[in-house]
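Q: Could you take me through one part of this model up close, and then show me how it fits in with the rest? I'm new to reading structures, so please go step by step.

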Amino acid sequence: GSYDIAYLATLPGFVVMAAADEAELVHMVATARAIGDRPSAFRYPRGEGIGVPMPKLGEVLPIGKGRIVKEGTSVALLSFGTRLGECLKAADKLAADGIEAEVIDVRTLRPLDEETIKQSIRRTHRCIIVDEDWPYCGMGAGILERIQHQVFDDLDALDLEMDSAADSGIHSAIAGGDDALELTKEAGSDISLGSDALSLEGSGLALGGEDDLALGEASGLDDL
């Protein structure tokens with residue numbers, strides 16, 4: 001599990017990032033190296049990449065700024081880490097039913113790009129958070145707290161849920177759902193964007209800071 005997100009994000013001044021794919025990982029390595037005034041950490045994908053074009057050199061990413069990968073008006077899919085590919089597949093399937101999903105790669109959890117998230121919810125009035133974290137005290141819970149305090153009135157319905165599939169480590173957070181919008185689609189390996197959501201693969205952990213500290217895979221993360 002990615003319990004590291006829950007405690008690293010509470011440390012003062014800590015930058016917490018997660019790469020969506022192998023290209024983003026190159027950029028986050030460059031970003032961590034460039035950060036010289038505070039510690040930073042980034043989660044990275046394990047195993048084979050998904051085949052995206054690779055940059056020759058890493059670019060330093062803006063800290064605390066997410067990216068809108070696909071624009072939409074029906075629901076916001078917030079992805080943190082390697083779930084971005086599945087979110088894009090689900091968005092394509094939803095589009096076939098006339099549901100235009102906006103897909104956002106959160107990129108940095110700390111600091112969080114609250115403005116991009118707020119503007120997306122104001123456009124779509126619904127939000128699904130897709131991550132690799134635990135439902136309790138995790139990334140999804142933190143973003144839901146921000147949503148409740150800042151854009152609660154922009155949601156079409158009150159239906160905040162935190163769900164997990166105990167046997168497979170599947171976690172999601174759902175805000176603003178209603179009976180008129182059923183977000184259950186199969187993509188990849190039986191992905192479902194509803195009260196049961198998304199397959200999960202483990203990620204490693206890398207830390208960086210003023211001394212360009214790099215710690216490889218944190219052993220045992222996926223056993224917890």
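**Starting from one residue**

A: Let's begin with I5: its relative accessible area is 3%, so it counts as buried. Keep in mind as you look around that this is a predicted model. I5 sits in helix α1. Which residues does I5 touch, leaving aside those up to four places away in sequence? They are V16, R43, F80, L109, D133 and M139. You can also check a spacing yourself: I5 and M17 are 12 residues apart along the chain, and 9.0 Å separates their C-alpha atoms.

One of those contacts, M139, leads us on to a nonpolar core. M139 is among the residues with the most contacts inside the largest nonpolar core, along with L78, I129, I143 and I147. That core has 24 residues. Several elements chip in with at least two residues each: α1 (3-8), β1 (15-18), β4 (75-79), α4 (114-124), β7 (127-130) and α5 (139-150). So which of them gives the largest share? That's α5, with four residues. Apart from this core there is another one, made of 12 residues, including A20, V75, A91 and I99.

V75 is a handy signpost, as it stands opposite A101 in strand β5. Let's stay with β5, which covers residues 101-105. Is it buried or exposed? Five of its five residues are buried, so the strand is mostly covered, given that buried means under 20% relative accessible area. Both faces are covered, too: A101, V103 and D105 point to one side, E102 and I104 to the other, and all of them are buried.

Now for the strands that pair with β5. β4 runs parallel to β5, and five bridges join the two. Strand β3 (residues 67-70) runs antiparallel to β5, joined to it by three bridges. If you want a pair to find on screen, try I68, whose bridge partner in β5 is I104. Between β4 and β5 there's a helix to trace as well: β4, helix α3 (residues 84-96) and β5 form a right-handed β-α-β unit.

While you're looking at α3, what about the cysteines? C87 has 0% relative accessibility, so it counts as buried. C127 counts as buried as well, because its relative accessibility is 1%. A disulfide is a covalent bond between the sulfur atoms of two cysteines. How many does a search of the whole structure find? Zero.

Time to zoom out. The chain has five helices and 10 strands. Of its 224 residues, 49% are buried. Among contacts with a separation of 6 or more, 74% link residues that are 24 or more positions apart.

Lastly, a word on confidence. The chain's mean pLDDT is 74, and 68% of its residues reach 70 or more. Over residues 159-172, though, pLDDT is below 50, and that stretch has 44 contacts in the model beyond near neighbours in sequence. Residues 177-224 stay under 50 as well, and the model gives them 126 contacts beyond four places in sequence. Where pLDDT is low, the predicted coordinates should not be read in detail.

Definitions and conventions:
Residues numbered from 1 in each chain as written. Predicted model: local features only at pLDDT ≥ 70, side-chain atom pairs only at ≥ 80, totals over all residues. Heavy atoms only, no water. Disulfide = S-S within 2.5 Å. Buried < 20%, exposed > 50% of the residue type's maximum accessible area, 1.4 Å probe, protein only. Core = buried A, V, L, I, M, F, W, Y, C linked by side-chain atoms within 4.5 Å. Pairing = 2+ DSSP bridges. Right-handed = clockwise from strand over helix to strand, strands pointing away. pLDDT = per-residue confidence, 0-100. Contact = heavy atoms within 4.5 Å.
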